[in-house]
Amino acid sequence: MTAPVFLAEPGSLGALAAGGTYLLYGTEGRHAGVVQRRAPGERVDVVDCAGTRLVGEVDTVGPEGVHLRVREVVVEPVPAPRLVLVQALAKGDRDELAIEAATEVGADGILPWQAERSIVVWRGDRAAKSRARWLGTVRTAAKQARRAYVPDVALAADGGALVRRAREVVEAGGAVLVLHEEATVPLAEAALPAPGTAAEVLVVVGPEGGISAREVDALVEAGAVTVRLGPHVLRTSTAGPVALALLAERLGRWA
């Protein structure tokens, strides 16, 4: 079984080296020492959410936290190209289910999208609270998946902002794939940047009512491609994670 993962702040692990010590404190230290009751000699990993992984061994557990002996510090390569899920806001918890599973399968970024047919609307205080909840969701999912990277969650984009982002991604050598049930191009045949390319692949998923024709036309005009995921129409909570898993396989991430 792989070691449990606990989270630290970005950049906080860079000065550590094998043979040193590290104190896992605060909420994460309590989770390791009190909730999970990690004992001396057990392996524990700490990640800084930005690619650095501390491989440690529990030395002592005290009221101030869990003291670790550092076995090694590994800097994992930046995923390239980046896989970004553009998830339309959806009712209930379907959008959060989508970003949770997408994080577990390897999403590098999440872009909330206020689509024309989104029933849920992020405005004012609700926007800030909803984004904070999404940030918590992806952190928990990354921890569950033992990932060293935690996806960034952007501010919610409306249709115009998404079209501008799509155009920028395509002009920079990336790809924008719009999941659409009427598309003729299978996802498996969509053109992608080569593995290792510093570009982005946006996967656009609509809300329960689907993406409007006007939204599709605007995205295609910006350089996006509509793609068919498979023979079945999936829920908005399912489509994105499935697409990202297939793309991760195509890009050699799961080799």
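Student: What is the relative accessibility of Val105?
Tutor: This is a predicted model, in which local features need pLDDT of at least 70 and side-chain atom pairs count only at pLDDT 80 or more, whereas totals for chains, interfaces and linings use all residues. Residues are numbered from 1 along each chain as its sequence is written, and side-chain values use heavy atoms, with hydrogens and water left out. Val105 lies in helix H2, residues 94-105 (helices, H or I of at least four residues, and strands, E of at least two, are DSSP runs numbered from the N terminus). Val105 counts as partly exposed (buried is under 20% relative accessible area, exposed over 50%, partly exposed in between, with a 1.4 Å probe and protein chains only), at a relative accessibility of 21%.

Student: Which residue forms a salt bridge with Asp108?
Tutor: Asp108 counts as buried at 9% relative accessibility, and Asp108 sits in the loop between H2 and strand S7 (109-113). The partner, 145 residues apart in the segment after H6, meets Asp108 with the closest N and O atoms 2.6 Å apart. A salt bridge is a side-chain nitrogen of Lys or Arg within 4 Å of a carboxyl oxygen of Asp or Glu, and here the partner is Arg253.

Student: At what angle do helices H4 and H5 pack?
Tutor: The axes of H4 (residues 159-171) and H5 (residues 213-221) are 8 Å apart, being lines fitted to C-alpha atoms over the stretch in contact, with angles from 0 to 180 degrees between N-to-C directions. The packing angle of H4 and H5 is about 25°. That makes H4 roughly parallel to H5, since angles under 35 degrees count as roughly parallel, over 145 as roughly antiparallel, 65 to 115 as roughly perpendicular and the rest as oblique; the angle is about 25°.
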